[in-house]
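Here is a walk through one protein chain, meant to be read with the model open beside you. Rotate along as you go, and we will move from strands to core to rings.

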Amino acid sequence: KHDRHPRGINERRKNKEGGSVKSKGRGRKSKKLTKIKATIDTDMFKATIKAEDTDPGKAKWTVKVDHVDPKLCDEKFNWHIHAIALVDPDGDGFSGAENPCGEAGGHWDPSLACGPASQYAKTTCTALSYPEPDYSKRCGKDTQASCEYGDISGKVGQIPIEVGEWEYDDGFVNSPIADFYEHLSIVVHCGSPRVACANFERYYR
């Protein structure tokens with residue numbers, strides 16, 4: 001078994017709920033800046049989720065919610081990058097009552113942070129051990145490098161269940177972000193259930 005030790009980081013976090021905290025993140029270094037977005041369009045939830053590189057290993061997420069049915073969830077949304085892109089046989093995106101989110105696999109986790117929903121939770125992660133076995137205690141806003149790359153809500157916070165726009169600074173991403181995430185998916189959760197999802201695509205505006 002191998003022991004992994006979480007690396008401390010500093011995060012510079014800023015959103016409309018206020019405040020900023022300086023810190024330091026790690027990730028694959030590159031000067032290339034890219035952008036991705038995912039558009040969710042269902043009967044109960046309509047939103048656009050965008051990300052753009054800000055520095056090597058860092059990115060800014062922007063979440064714009066245009067419609068949310070309050071019956072969809074009674075708490076804030078968790079949101080994660082999942083390891084498998086969704087199959088769209090009609091080529092027209094996922095809309096209406098469609099919910100293919102169960103096909104998106106586990107959380108994107110190439111660094112083997114090994115949360116319970118990691119893409120490797122039932123394979124490679126079973127052979128690893130950690131000084132702090134409880135992932136929820138290892139991963140947080142001040143310890144982003146101990147999180148799965150795909151655990152966005154664990155790193156930067158949840159999405160409110162209301163119409164509005166929010167920005168989140170993520171200090172632990174694969175970069176250039178579009179090169180890694182263009183063929184992955186975003187899934188929005190109410191607790192554990194997957195309530196909405198979409199594929200990422202590169203964009204230039």
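Strands β5 (residues 78-82) and β8 run antiparallel and are joined by five bridges. If you want a landmark in this pairing, look for I81, which stands opposite I186 in β8. On to the next partner: β8 is also joined by five bridges to β9 (residues 194-199), again in the antiparallel sense. Here S185 has N199 of β9 as its bridge partner. Four residues lie between the strands in the hairpin of β8 and β9, and G191 takes a positive phi near 65° there.

Is β8 covered or open? The strand spans residues 185-189 and is mostly covered, with five of its five residues buried. Its side chains point two ways: S185, V187 and H189 go one way, I186 and V188 go the other way, and all are buried.

Please keep in mind that this is a predicted model. The average pLDDT of the chain is 84, and 80% of the residues score at least 70. Residues 1-30 have a pLDDT below 50, although this stretch has 79 contacts in the model beyond near neighbours in sequence.

**The overall layout**

The chain holds three helices and ten strands. Read from the N terminus, the elements run β-β-β-β-β-β-α-α-β-α-β-β-β. Of the 205 residues in the chain, 46% are buried. Among contacts with a separation of 6 or more, 63% are between residues 24 or more positions apart.

**The five-stranded sheet**

Five strands form an open sheet in the order β7-β4-β3-β2-β10, and the pairing is antiparallel. Why is one side of β7 and of β10 left without a neighbour in the sheet? β7 (164-170) and β10 (201-202) stand at the edges, and each has a single partner strand, so one side of each has no neighbour there.

The table collects three of the antiparallel pairings, each with a residue pair to find in your viewer.

| Strands | Bridges | Opposite or bridge-partner residues |
|---|---|---|
| β2 (residues 35-41) and β3 (residues 45-55) | seven bridges | I40 and A47 |
| β3 and β4 | ten bridges | K46 and H67 |
| β4 (residues 58-68) and β7 | seven bridges | T62 and E167 |

Two hairpins connect strands of this sheet. One joins β2 to β3 through three residues. The other, between β3 and β4, has two residues between the strands, with G57 at a positive phi near 80°.

**The nonpolar cores**

In soluble globular proteins, nonpolar side chains tend to be buried together. In this model, the largest nonpolar core has 38 residues, and F45, W61, W79 and Y181 are those with the most contacts inside it. β4 supplies the largest share of this core, five residues. There is also a second, separate core of five residues, among them L86, C101, V187 and C197. V187 is one of the buried residues of β8 described above.

**Rings and charges**

Five aromatic pairs are counted in the model. What makes the pair of Y149 and F172 stacked? Their ring centres are 4.0 Å apart and their planes lie at 10°, so the pair counts as stacked. The two residues are 23 apart and link distant parts of the chain: Y149 belongs to the loop between α1 (135-138) and α2 (152-156), and F172 to the loop between β7 and α3 (177-181). Are these two residues buried or exposed? Both Y149 and F172 are buried.

Ring pairs also link W61, W79, Y168 and F200 into a cluster. Two of these names, W61 and W79, appeared above among the residues with the most contacts inside the largest core.

Two charged side chains sit over rings. The charged end of R138 lies over the ring of Y130, 4.1 Å from its centre. K37 lies over the face of Y203, at 5.6 Å from the ring centre.

Definitions and conventions
Residues numbered from 1 in each chain as written. Heavy atoms only, no water. Pairing = 2+ DSSP bridges. pLDDT = per-residue confidence, 0-100. Contact = heavy atoms within 4.5 Å. Phe/Tyr/Trp six-rings, centres within 6.5 Å; stacked < 30°, edge-to-face > 60°. Buried < 20%, exposed > 50% of the residue type's maximum accessible area, 1.4 Å probe, protein only. Lys NZ or Arg CZ within 6 Å of the ring centre and 35° of its normal. Core = buried A, V, L, I, M, F, W, Y, C linked by side-chain atoms within 4.5 Å.
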